[in-house]
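Please work through the following exercises with the sequence and the structure side by side. Each task is followed by a solution that goes step by step.

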Amino acid sequence: MDKKDVSDAQLEAVKVKYRVPPPLRECHTAIIDGYVIEGHVPVDAITRLLKEKPAIIGLSVPGMPPGSPGMESPNPRPYSVLTFDQNGRVTEYARK
């Protein structure tokens, strides 16, 4: 598995290159099997994505919600895992 750390400026260029809509851009970006994973996306959503292989660019969990991976909290909030596609369409992929 290739792993590459990039600077903040480079990270913004990656988000532009992979067409992550500005409202869905977050602090973490990964490219897995050609899909963009943006923000605190749970592993089960990534596993489902890689199994189903939908025609989308990637997944995002915007806003760093309490209770999402890495944002553990005694007061978790429900949050959405969103898809985004080549046409700029955003849809809910999962509700956590």
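**Exercise 1.** Decide whether lysine 96 is buried, partly exposed or exposed in this predicted model, and describe what surrounds lysine 96.

*Solution.* Begin with the relative accessibility of lysine 96, which is 34%. Because buried means under 20% and exposed means over 50%, with partly exposed in between, lysine 96 counts as partly exposed. Next, place the residue in the chain: lysine 96 is found in the segment after strand S5, which covers 90–95. Then list its contacts, leaving aside neighbours within four places in sequence; these are Pro42, Asp44, Arg77, Pro78, Tyr79 and Val81. Two of these partners can be described further. The side chains of lysine 96 and aspartate 44 are joined by a polar contact of 2.3 Å, while proline 78, although 18 residues away along the chain, has its C-alpha atom 5.4 Å from that of lysine 96.

**Exercise 2.** Determine whether serine 68 is buried or exposed, and find the backbone atom that lies 2.7 Å from a polar atom of its side chain.

*Solution.* Serine 68 has a relative accessibility of 1%, and it therefore counts as buried. Its place is in the loop between strand S3 (58–61) and strand S4 (80–84). The backbone atom in question is the oxygen of proline 65, which lies 2.7 Å from a polar atom of the serine 68 side chain. Beyond the neighbours within four places in sequence, serine 68 is in contact with His40 and Tyr79. By way of contrast, phenylalanine 84 is 16 residues from serine 68 in sequence, and their C-alpha atoms are 19 Å apart.

**Exercise 3.** Work out which way the residues of S3 point and how S3 is joined to S2.

*Solution.* Start from the general rule that side chains in a regular strand alternate between the two faces of the sheet. In S3, Gly58 and Ser60 point one way and Leu59 and Val61 the other, and all of them are buried. Now turn to the pairing: S2 and S3 run parallel and are joined by four bridges, and one bridge partnership is that of glycine 39 with valine 61 in S3.

**Exercise 4.** Characterise the second largest pocket by its volume and by the classes of its lining residues.

*Solution.* The second largest pocket holds about 160 Å³ of space. Strand S1 (29–32), strand S2 (35–39) and helix H2 (43–52) each give two or more residues to the lining. Among the lining residues are Thr29, Ile37, Gly39, His40, Ile46 and Pro69. Sorted by class, the lining has six nonpolar and four polar residues, and no charged ones.

How values were computed. Residues numbered from 1 in each chain as written. Predicted model: local features only at pLDDT ≥ 70, side-chain atom pairs only at ≥ 80, totals over all residues. Heavy atoms only, no water. 1 Å grid on protein atoms, 1.4 Å probe; cavity = no way out; pocket = protein on both sides within 12 Å on 5 of 7 lines; lining within 4 Å. Points joined across faces, edges and corners; volume = space filled by probe spheres on them. Nonpolar A, V, L, I, M, F, W, Y, C, P; charged D, E, K, R; others polar. Buried < 20%, exposed > 50% of the residue type's maximum accessible area, 1.4 Å probe, protein only. Contact = heavy atoms within 4.5 Å. Polar contact = N/O pair within 3.5 Å; in protein donor to acceptor, adjacent residues only side chain to side chain. Pairing = 2+ DSSP bridges.
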